[in-house]
Amino acid sequence: SWQPYLSGPLILASIGIAFWLVFIVEPRFWWAIIPGETLTSLALTNALESVFDDSEFIFLLGLALTFALIPILTIPGKNKRHWAWIPAGILLIIGLLDLPASMNFMPYFFGIALICAGLLLAWNALKPRK
C-alpha cells in the first residue's frame with residue numbers, strides 16, 4: 001500500500017501548492033515563494049526518505065532553490081531582491097557538503113573548491129581595468 005509512504009508528502013505538497021497559487025495569482029506577494037518551495041522541498045525529502053538513507057541534502061538543496069527563485073521569479077525593477085542569492089549560495093554549499101558519503105563526492109570537494117578559487121583569482125587578475 002502506498003498510503004503510509006505518500007500520505008505525508010501529499011499533505012505537505014498540497015499546502016505548498018496553496019502558497020504557489022497565492023504567488024501565481026498575485027506576483028507582488030513574492031513572500032509566498034518561501035513557504036511554497038519550502039513545503040515542496042520538504043514533501044520531496046519526505047517522499048525520498050525511503051530511497052536515501054541520508055536525505056537531508058535534498059531539503060537543503062531545495063531551500064537553496066527556494067531563495068534562488070526569489071530574485072528569478074520576482075517582478076523586474078528596482079526591488080529585484082538580490083539579497084536572496086546570499087542564503088541560496090550558503091544553503092547550496094551546505095547541501096553539497098551534506099551529500100551522502102555513498103556518492104563519493106567529498107574526496108573531490110576540496111580539489112574542486114581549489115580549482116574554482118584559482119579560476120576566480122585568475123579571472124579577477126585578467127579582467128580589464130577601468
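In this predicted model, Arg-28 pairs up with Glu-26 in a salt bridge, and their closest N and O atoms sit 3.0 Å apart. That is the whole tally, since the structure holds one salt bridge. The two partners do not face the outside to an equal degree on paper: Arg-28 has a relative accessible area of 56%, so it counts as exposed, while Glu-26, at 27%, is classed as partly exposed.

A little further along the chain comes Trp-31, which has its place in the loop between α1 and α2. With a relative accessible area of 41%, Trp-31 is partly exposed. Setting aside residues up to four places away in sequence, Trp-31 touches Phe-19 and Val-22. Cys-116 is another story: it is 85 residues from Trp-31 in sequence, and the two C-alpha atoms are 33 Å apart in space.

Next, the helices. Helix α2 runs over residues 33–47, which makes 15 residues. From its first C-alpha to its last it reaches 21 Å, close to the 21 Å expected at 1.5 Å a residue. Its buried residues are a mixed bunch, including Ile-33, Leu-39 and Ala-43 as well as Glu-37, Ser-41 and Thr-45.

Helix α3 covers residues 56–73. Its 18 residues should span 26 Å at 1.5 Å a residue, and the end C-alpha atoms are 25 Å apart, so the two figures agree. The list of buried residues in α3 includes Phe-57, Ile-58, Leu-60, Leu-63, Phe-67, Leu-69 and Ile-70, and Gly-62, Thr-66 and Pro-71 are on it too.

Helix α4 (residues 85–97) has 13 residues and reaches 18 Å between its end C-alpha atoms, close to the 18 Å expected. Three of its residues, Ala-88, Leu-91 and Gly-95, are buried. These cover an arc of only 70° around the axis, which means that they lie on the same side of α4. What do the buried residues of α4 pack against? The partner is α3.

Phe-67 gives a closer look at residues from these two helices. Leaving out neighbours within four places in sequence, Phe-67 is in contact with Ala-88 and Leu-91, along with Pro-87, Ala-84, Trp-83 and Ile-34. Both Phe-67 and Leu-91 also turn up in the largest nonpolar core, which has 14 residues. Together with Trp-20, Phe-23, Ile-33 and Ile-70, they touch the most other members of that core. The elements giving two or more residues to this core are α1 (3–25), α3 and α4. Among these, α3 gives the most, with seven residues. As background, nonpolar side chains tend to be buried together in soluble globular proteins.

Finally, there is Thr-74, found in the loop between α3 and α4. Is Thr-74 buried or exposed? Its relative accessibility is 4%, and since anything under 20% is called buried, Thr-74 counts as buried. A polar atom of the Thr-74 side chain lies 2.8 Å from the backbone oxygen of Ile-70, a residue already met as a member of the largest nonpolar core. Not counting residues up to four places away in sequence, Thr-74 touches Trp-30, Leu-69, Lys-80 and Arg-81.

Methods: Residues are numbered from 1 along each chain as its sequence is written. This is a predicted model: local features need pLDDT of at least 70, side-chain atom pairs count only at pLDDT 80 or more; totals for chains, interfaces and linings use all residues. Side-chain values use heavy atoms; hydrogens and water are left out. Helices (H or I, at least four residues) and strands (E, at least two) are DSSP runs, numbered from the N terminus. The expected span of a helix is 1.5 Å times one less than its number of residues. Buried means under 20% relative accessible area, exposed over 50%, partly exposed in between (1.4 Å probe, protein chains only). The arc is that of the directions from the helix axis to the C-beta atoms. Contact means heavy atoms within 4.5 Å. A polar contact is a pair of N or O atoms within 3.5 Å; within protein, one must be able to donate a hydrogen and the other to accept it, and residues adjacent in sequence count only if both atoms are side-chain atoms. A nonpolar core is a set of buried Ala, Val, Leu, Ile, Met, Phe, Trp, Tyr and Cys residues joined through side-chain atoms within 4.5 Å. A salt bridge is a side-chain nitrogen of Lys or Arg within 4 Å of a carboxyl oxygen of Asp or Glu.
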